[in-house]
Amino acid sequence: LLPAPIPPITLEEKQTLTKLLAARGATIQELNTIRKALSQLKGGGLAQAAYPAQVVSLILSDVVGDPVEVIASGPTVASDHNVQDCLHIFDRYGLRAALPCSVKTVLAQADSDPRGPHTCGHVLNVIIGSNILALAEAQQQAEVLGYRAVVLSAAMQGDVKSMAHFYGLLAQVAGAYLTPPRAGASVEDEQLHELAAELQLPDMQLKEVLESIAGARGPVCLLAGGEPTVQLQGTGKGGRNQELALRVGAELGRRTLGPVDVLFLSGGTDGKDGPTEAAGAWVMPELVSQATTEGLDVATFLAHNDSHTFFCHFQGGAHLLYTGLTGTNVMDVHLLFLQPR
Ligand SMILES: Nc1ncnc2c1ncn2[C@@H]1O[C@H](COP(=O)(O)OP(=O)(O)OP(=O)(O)O)[C@@H](O)[C@H]1O
Ligand SMILES: O=C(O)[C@H](O)CO
């Protein structure tokens with residue numbers, strides 16, 4: 001929404017490069033390192049343009065960890081990246097050879113820019129909205145509805161396949177904690193901790209969370225938030241949240257969940273998941289078997305990144321979450337509901 005490519009880079013060139021990086025699974029940190037290097041306003045450029053006026057920047061964070069220099073590519077935050085960082089990113093995603101001459105020109109100039117990075121001493125950056133706030137509000141609503149609600153993390157990130165595997169495992173382990181007698185730590189417990197480490201989930205106290213729900217007799221809601229990455233292979237229609245939900249549905253169908261009803265929902269807080277009108281979707285363990293009776297093969301839809309098409313067909317679209325555009329964007333919210341039978 002704030003494009004100002006450094007001439008001679010055109011907006012189309014910048015858009016093409018960004019789309020190529022996103023489709024190849026670049027993280028938002030990598031994407032915005034590139035955007036900053038190619039922009040007059042990002043990476044502190046907007047604050048520079050306002051100098052010497054005092055600047056107060058009110059920020060809605062849609063990046064894990066709320067790093068102000070990455071959010072919207074930090075228009076009011078001095079950039080701490082250099083040309084080498086950009087070249088490494090282009091090499092990592094095989095794009096160096098395809099760079100337009102205009103991008104090479106701008107990067108070469110940046111290296112020798114006598115001005116150095118923008119100064120932002122005249123700026124106050126304030127985060128006024130974040131995933132943590134959204135999860136806290138959702139937790140409060142869940143408690144009002146009678147759930148034991150526990151927030152796991154606002155830092156869910158990594159590949160969507162690994163994240164779906166984590167939630168499938170979490171449902172199995174949490175379900176076992178809800179339906180005693182528990183015979184101590186299980187193999188799944190260890191797998192869960194290994195996967196949490198693999199997803200680099202810094203603020204998740206899994207052991208404490210699981211023990212806190214062990215005594216629950218009623219329904220439980222585990223909340224988490226963040227943003228998985230999807231490496232697009234197919235040409236289907238979908239979004240991070242719908243793909244995560246469909247993959248979790250497949251995982252739940254493969255697991256022994258015991259006498260517990262399970263439901264998983266993933267939704268984008270901006271109300272729009274990928275290029276679709278849905279905000280996300282919700283699934284239950286029976287999804288794959290029910291889809292099969294409708295002649296829908298989940299694995300095929302996933303192979304084509306076609307989660308939206310799947311959910312449009314499955315049970316007449318009843319599992320799609322529509323909220324309309326919310327006017328904010330603090331990443332995605334993941335809800336795992338468990339109800340002992
Ligand atoms: N067919 C698809 N299946 C799964 N994920 C997809 C598909 N098409 C796009 N995506 C993912 O959707 C994301 C882009 O959608 P969206 O605009 O909702 O993201 P966003 O992070 O909310 O963007 P912004 O924060 O700029 O609004 C990308 O991460 C992309 O990998
Ligand atoms: O706009 C962007 O750069 C992403 O949404 C991260 O803030």
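A polar contact is a pair of N or O atoms within 3.5 Å. The exercises below apply this to a predicted model.

**Exercise 1. Which polar contacts does ligand 1 make with Asn305, Asp62 and Lys272, and how much of ligand 1 does the protein bury?**

Step 1. Start from the residues around the ligand. There are 16 around ligand 1, and those that come nearest are Asp62, Gly238, Arg240, Gly274 and Asn305.

Step 2. Take the contacts in turn. A polar backbone atom of Asn305 lies 2.9 Å from a nitrogen atom of ligand 1. Asp62 takes part through its side chain, with a polar atom 3.1 Å from an oxygen atom of ligand 1. Lys272 takes part through its backbone, where a polar atom is 3.5 Å from an oxygen atom of the ligand.

Step 3. Turn to the area. Ligand 1 exposes 640 Å² when taken alone, and the protein buries 68% of that.

Step 4. Classify the shell. Around ligand 1 there are seven charged, six polar and three nonpolar residues.

**Exercise 2. Which residues surround ligand 2, and which polar contacts does ligand 2 make with Asn32, Arg35 and Ala72?**

Step 1. List the surroundings. They consist of Ile28, Asn32, Arg35, Asp62, Val63, Ile71 and Ala72. Asp62 also belongs to the residues that come nearest to ligand 1.

Step 2. Separate side-chain from backbone contacts. Asn32 places a polar side-chain atom 3.0 Å from an oxygen atom of ligand 2, and Arg35 places one 3.2 Å from an oxygen atom of the ligand. With Ala72 the partner is a polar backbone atom, 2.8 Å from an oxygen atom of ligand 2.

Step 3. Turn to the area. On its own, ligand 2 has 230 Å² of accessible area, of which the protein covers 73%.

Step 4. Classify the shell. Four residues around ligand 2 are nonpolar, two are charged and one is polar.

**Exercise 3. Where in the chain do the partners of the Arg240 and Asp261 salt bridges lie?**

Step 1. Recall the principle. Side chains of opposite charge can pair when their charged atoms come close. The whole structure holds ten salt bridges.

Step 2. Take Arg240. Its side chain meets that of Glu227 in a salt bridge, at 3.2 Å from N to O. Arg240 is in helix H10 (residues 240-254) and Glu227 in strand S4 (residues 220-229), so the pair links distant parts of the chain, 13 residues apart. Arg240 is partly exposed, at 28% relative accessible area.

Step 3. Take Asp261. Its salt bridge is with Arg341, and the closest N and O atoms are 2.8 Å apart. Because Asp261 lies in strand S5 (residues 260-268) and Arg341 in the segment after strand S8 (332-340), the pair ties together parts that are 80 residues apart in sequence. Asp261 is partly exposed at 36% relative accessibility, whereas Arg341 is exposed at 65%.

Step 4. Take Glu277. It pairs with Lys272, the closest N and O atoms being 3.8 Å apart. Glu277 is exposed at 57% relative accessible area, and Lys272 is partly exposed at 34%.

Step 5. Look for shared partners. Such salt bridges join Glu227, Arg240 and Asp332 into one network.

**Exercise 4. How many disulfides does the whole structure have, and are Cys221 and Cys312 buried or exposed?**

Step 1. Apply the cut-off, which is a pair of cysteine sulfur atoms within 2.5 Å. The search finds zero disulfides.

Step 2. Compare the accessibilities with the limits. Buried means under 20% relative accessible area, so Cys221, at 1%, is buried. Cys312, at 34%, counts as partly exposed.

Note on methods. Residues numbered from 1 in each chain as written. Chains lettered and ligands numbered in written order. Predicted model: local features only at pLDDT ≥ 70, side-chain atom pairs only at ≥ 80, totals over all residues. Heavy atoms only, no water. Near = heavy atom within 4 Å. Polar contact = N/O pair within 3.5 Å; in protein donor to acceptor, adjacent residues only side chain to side chain. Areas by Shrake-Rupley, 256 points an atom, 1.4 Å probe, with all protein chains shown as cover. Nonpolar A, V, L, I, M, F, W, Y, C, P; charged D, E, K, R; others polar. Salt bridge = Lys/Arg side-chain N within 4 Å of Asp/Glu carboxyl O. Helix = DSSP H or I, 4+ residues; strand = E, 2+ residues; numbered from the N terminus. Buried < 20%, exposed > 50% of the residue type's maximum accessible area, 1.4 Å probe, protein only.
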